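Reader: Could you take me closely through the surroundings of the ligand, and then set that part beside whatever else in the chain deserves a careful look?

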Amino acid sequence: MTRILKTMLLGSAIALALGGSGLAADLTVGFSQIGSESGWRAAETSVTKLEAEKRGIDLKFADAQQKQENQIKAIRGFIAQGVDAILVAPVVATGWESVLEEAKDAEIPVILLDRGIDGSPDLYMTMVASDQVLEGKVAGEWLVKDAAGKECNVVELQGTTGSSPAINRKKGFEEAIAGTPTIKIIRSQTGDFTRAKGKEVMEGFLKAEGGGKNICALYAHNDDMAVGAIQAIKEAGLKPGADIKVVSIDAVPDIFKAMADGEANATVELTPNMAGPAFDVLEKFMADGTMPPKQIITESKLYTPADEPMKVYEEKKGLGY
Ligand code: AHR
């Protein structure tokens, strides 16, 4: 009998004993997290731990400190421990075939959280993530409207090189501005999704552009880099949100504070609750073998200062941030 079949039968037996609740009890799940590069990432970690606790799932957590080799090591460790399933937020898109084949051979379902991989979809059970091209598009469309009729030079802070959000958010934004020749990306560099790097790279952009007078807008692939860049813009004697418009992605509490202060203009929300939908489909699969769709896509909502930023800030503060 295969390992998965045994787990499903065990789950069903327990479900019956529990009065047909339909839940597979006592799951052990390994979670290979990227690290804690951003406020959003830290929130995703806390939400995942809370979701696991709520459902009685034994979560084995491994922080990869931003390194793919650590993620691969952690996944191999989970396989050796014989966990029931593995969650992984892949730091970069390539290089996963071997280790995911090993999980497949061990019949351990893998769920990708918040980032995609280059490779066969057979390597994982499902992926819970946003439509990252759409996120970039939403940000770009906001700028197209905001800068209508004006020449607008944009500087771009990219996420981690080789990660799916960096690739897709760039693509989506470029698609959105493609029909507007007055909007041009004049500089683009990675800020690795961190506040410190966002500030440092923005300082470089400002210097290279004669102090920044020539820059109309900043597009950052996440809010943390935008918050770092806002600081750099202020230190350069310019007003973020006015002299240089700021549009980014994530919708973490600090960007709403910046919006309330007039220093940021738009953000696209990425929910930190990827684990809820992931555990829902996993529990269902363990209980009765239902295969989830290959992709579970979360919402990408645009927020601007018109959306009561301080109220959203307070609401968000309680959500794992
Ligand atoms: O994969 C999601 C991205 O990773 C978030 O937008 C960013 O903040 C994080 O580091």
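**The ligand site and its setting**

Author: A good place to begin is Ser38, which is found in the loop between strand E1 (28-33) and helix H2. In this predicted model, Ser38 has a relative accessible area of 7%, which is under the 20% cut-off, and Ser38 is therefore counted as buried. The side chain of Ser38 reaches the backbone nitrogen of Arg41 at 3.1 Å, and both Ser38 and Arg41 belong to the residues around the ligand.

Arg41 also faces the ligand through its side chain, since one of its polar side-chain atoms lies 2.9 Å from an oxygen atom of the ligand. Arg169 places a polar side-chain atom 2.8 Å from a ligand oxygen atom, and for Asn222 the corresponding distance from a polar side-chain atom to an oxygen atom of the ligand is 2.9 Å. Taken alone, the ligand exposes 280 Å², and the protein buries 100% of that area. The ligand sits in the largest cavity.

The shell around the ligand draws on helix H2 (39-55) and helix H6 (164-177), each of which supplies at least two of its residues. Beyond the residues already discussed, the surroundings of the ligand include Glu37, Trp40, Asp114, Arg115, Pro165, Phe193, Asp250 and Leu270.

Turning to the covalent cross-link, the structure holds 1 disulfide, which joins Cys152 to Cys216 with an S to S distance of 2.0 Å. This pair links distant parts of the chain, 64 residues apart, with Cys152 in strand E6 (residues 152-158) and Cys216 in the loop between helix H7 (195-208) and strand E8 (217-220). The torsion about the S-S bond of Cys152 and Cys216 is about -85°, and the disulfide is therefore left-handed. Cys152 and Cys216 are both buried.

Two loop residues also merit attention for their backbone angles. Gln66, in the loop between strand E2 (58-63) and helix H3 (68-81), has a phi near 75°, a positive value in a residue other than glycine. Glu107, which lies in the loop between helix H4 (97-105) and strand E4 (110-113), likewise has a positive phi, of about 60°, although it is not a glycine. Gln66 has a relative accessible area of 30% and is partly exposed, while Glu107, with a relative accessible area of 28%, is also partly exposed.

Key:
Residues are numbered from 1 along each chain as its sequence is written. This is a predicted model: local features need pLDDT of at least 70, side-chain atom pairs count only at pLDDT 80 or more; totals for chains, interfaces and linings use all residues. Side-chain values use heavy atoms; hydrogens and water are left out. A disulfide is a pair of cysteine sulfur atoms within 2.5 Å. Helices (H or I, at least four residues) and strands (E, at least two) are DSSP runs, numbered from the N terminus. Buried means under 20% relative accessible area, exposed over 50%, partly exposed in between (1.4 Å probe, protein chains only). A residue is near a molecule or strand if one of its heavy atoms lies within 4 Å of it. A polar contact is a pair of N or O atoms within 3.5 Å; within protein, one must be able to donate a hydrogen and the other to accept it, and residues adjacent in sequence count only if both atoms are side-chain atoms. Accessible areas come from the Shrake-Rupley method with a 1.4 Å probe; for residues, only the protein chains shown count as cover. On a 1 Å grid over the protein atoms alone, a cavity is a set of points where a 1.4 Å probe fits but cannot get out, and a pocket is an open set with protein on both sides within 12 Å along at least five of seven lines; lining residues have an atom within 4 Å of a point. A molecule sits in a cavity or pocket if more than half of its atoms lie within 2 Å of its grid points.
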